[in-house]
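I opened this one to page through it piece by piece and jot down what I looked up. Notes follow in the order I took them.

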Amino acid sequence: MNISTVLPLLLSATLIITLACLYAYSRHRASERLKAAYHELEVANARVEESSRMKSDFIQQISHEIRTPLNILSGFTQLLTTPGIFLDDATLADINRQITANTNRITSLVNKMLELSEAKSLAVIDRTDNVSAEQIVAEAVTASRITNANHLTFNILESTESKTAVLQTNKQAAVRALSLLLDNARKFTAPAEASQSDVPPERLQKVVLRLSVSSGRLFFSVEDTGIGIPHKEAERIFDEFVQLDEYYDGTGIGLTVARSLVRRIGGDIKLDTAYIGGSRFVMTLPVS
């Protein structure tokens with residue numbers, strides 16, 4: 001067989017082998033893409049199922065959260081309207097305190113649910129208020145009631161620059177976001193069933209609010225000695241309805257609302273994953 005006969009056969013064989021290899025490679029790539037797509041579909045389905053479960057848990061929790069104070073208010077109403085009943089001043093004062101507390105509890109839940117409805121909004125919030133950092137802190141501390149928590153000590157540490165810092169922002173949104181971070185620290189430093197009275201000093205939890213200024217931004221760092229958050233949950237914790245530990249009070253919407261508000265006024269909230277011994281959330285806002 002001469003070379004003129006062999007050469008075409010070799011070329012044909014080479015072409016066939018090359019095409020076969022390309023076909024096999026293409027099938028392999030298609031198979032890999034199919035596996036990847038199937039895996040992504042499984043992950044997506046798992047997330048949908050998890051989201052559905054969290055929403056169901058949230059609805060049940062909200063139902064419980066509202067039903068409990070309503071039952072308390074109903075009980076006191078029946079007691080106070082009972083003919084001929086006598087109540088001493090101390091009892092009346094306690095009833096008044098509990099009615100106020102449970103009314104505020106219901107109002108807070110309703111407000112959170114209304115805020116949640118706007119949490120995914122990308123609309124920018126007007127920033128026309130000139131307000132000091134100290135004023136934002138003072139109002140947020142009052143709103144969060146963190147100074148009334150008997151199970152912890154609360155301190156504010158300010159840098160020299162932060163004491164004179166003035167922001168052009170939306171005061172209501174800034175105060176609300178910071179109060180939610182403080183409220184989160186208050187809740188997740190004590191289990192829901194734990195007694196918050198008569199805690200020995202050596203067992204008190206700690207929450208610290210640090211203020212500092214850097215690169216034209218004001219930093220509000222809320223540190224606590226609570227249960228902490230795993231690094232892998234650093235972003236997921238901001239998703240709505242996410243609550244990592246059901247033994248603690250919470251609805252799973254506070255951080256969602258807080259981050260939404262701050263981002264819509266030009267700032268951000270992040271979990272500091274380098275912090276150990278609890279959690280540290282850092283809220284930043286531009287300084288005027």
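**Ser215 and the other positive phi**

I started at Ser215, which is exposed at 75% relative accessibility. I looked up where Ser215 sits and found it in the loop between strand 4 and strand 5. Its phi is positive, about 50°, although Ser215 is not a glycine. A reminder to myself before going on: this is a predicted model.

Arg145 turned up with a positive phi as well, near 60°, and Arg145 is not a glycine either. I placed Arg145 in the loop between helix 3 and strand 2 (152–158). Arg145 is partly exposed, with a relative accessible area of 48%.

**Overall layout**

Next I went through the secondary structure and got six helices and seven strands. Along the sequence I read the order as α-α-β-α-β-α-β-α-β-β-α-β-β. The chain has 288 residues, and 35% of them count as buried. I also checked the contacts between residues at least 6 apart in sequence: 74% of these join residues at least 24 apart. For the accessible surface of the chain I noted about 17,500 Å², with 56% of that belonging to carbon and sulfur atoms.

**Strands 4, 5 and 7: the salt bridges**

Back to the two strands on either side of Ser215. How many salt bridges does the structure hold? I have ten in my notes.

I looked at Arg210 and Glu223, whose side chains meet in a salt bridge at 2.8 Å, N to O. Arg210 lies in strand 4 (residues 205–214) and Glu223 in strand 5 (residues 217–224), so this pair ties together parts that are 13 residues apart in sequence. Is Glu223 buried or exposed? Glu223 counts as buried, because its relative accessibility is 6% and the cut-off for buried is under 20%. Its partner Arg210 is partly exposed at 36%.

Glu223 also forms a salt bridge with Arg280, the closest N and O atoms being 3.0 Å apart. That pair links distant parts of the chain, with Arg280 in strand 7 and Glu223 in strand 5, 57 residues apart. I then followed the links further and wrote down a network of salt bridges made of Arg210, Glu223, Asp272 and Arg280.

**Helix 3 to helix 5**

Another salt bridge I looked up is Lys171 with Glu139, where the closest N and O atoms are 2.7 Å apart. Lys171 lies in helix 5 and Glu139 in helix 3 (residues 133–144), so the pair ties together parts that are 32 residues apart in sequence. Both ends are partly exposed: Lys171 has a relative accessible area of 25%, and Glu139 comes to 31%.

**Asn170**

Then I stepped to Asn170, in the loop between strand 3 (166–169) and helix 5 (171–187). Asn170 is buried, with a relative accessible area of 16%. A polar atom of the Asn170 side chain lies 3.3 Å from the backbone nitrogen of Gln172. What does Asn170 contact, leaving aside its neighbours within four places in sequence? I listed Ile125, Asp126, Arg127, Asp129 and Ile265.

**Helix 6**

Helix 6 (residues 254–263) is mostly covered, with nine of its ten residues buried. Among the buried ones I noted Leu255, Val257, Arg259, Leu261 and Val262. What covers the buried residues of helix 6? The cover includes helix 2, helix 5, strand 6 (268–271) and strand 7 (279–286).

**Helix 2**

Since helix 2 came up there, I checked its span. Helix 2 (residues 89–116) has 28 residues and reaches 40 Å from first C-alpha to last, close to the 40 Å expected at 1.5 Å a residue. Its buried residues are Ile95, Asn102, Ile106, Leu109, Lys112 and Leu116. At the start of helix 2, a side-chain oxygen of Asp88 comes to within 3.1 Å of the backbone nitrogen of Ala90.

**Helix 1**

Last entry: a nonpolar patch on the surface, formed by Leu15, Leu19 and Leu22, with about 300 Å² of accessible area together. Leu22 lies in helix 1 (residues 3–80). At 52% relative accessibility, I logged Leu22 as exposed.

Note on methods:
Residues numbered from 1 in each chain as written. Predicted model: local features only at pLDDT ≥ 70, side-chain atom pairs only at ≥ 80, totals over all residues. Heavy atoms only, no water. Helix = DSSP H or I, 4+ residues; strand = E, 2+ residues; numbered from the N terminus. Buried < 20%, exposed > 50% of the residue type's maximum accessible area, 1.4 Å probe, protein only. Polar contact = N/O pair within 3.5 Å; in protein donor to acceptor, adjacent residues only side chain to side chain. Contact = heavy atoms within 4.5 Å. Patch = residues over 30% accessible without salt bridge, like charges linked within 9 Å, V, L, I, M, F, W, Y side chains within 5 Å. Areas by Shrake-Rupley, 256 points an atom, 1.4 Å probe, with all protein chains shown as cover. Salt bridge = Lys/Arg side-chain N within 4 Å of Asp/Glu carboxyl O. Expected span 1.5 Å × (residues − 1).
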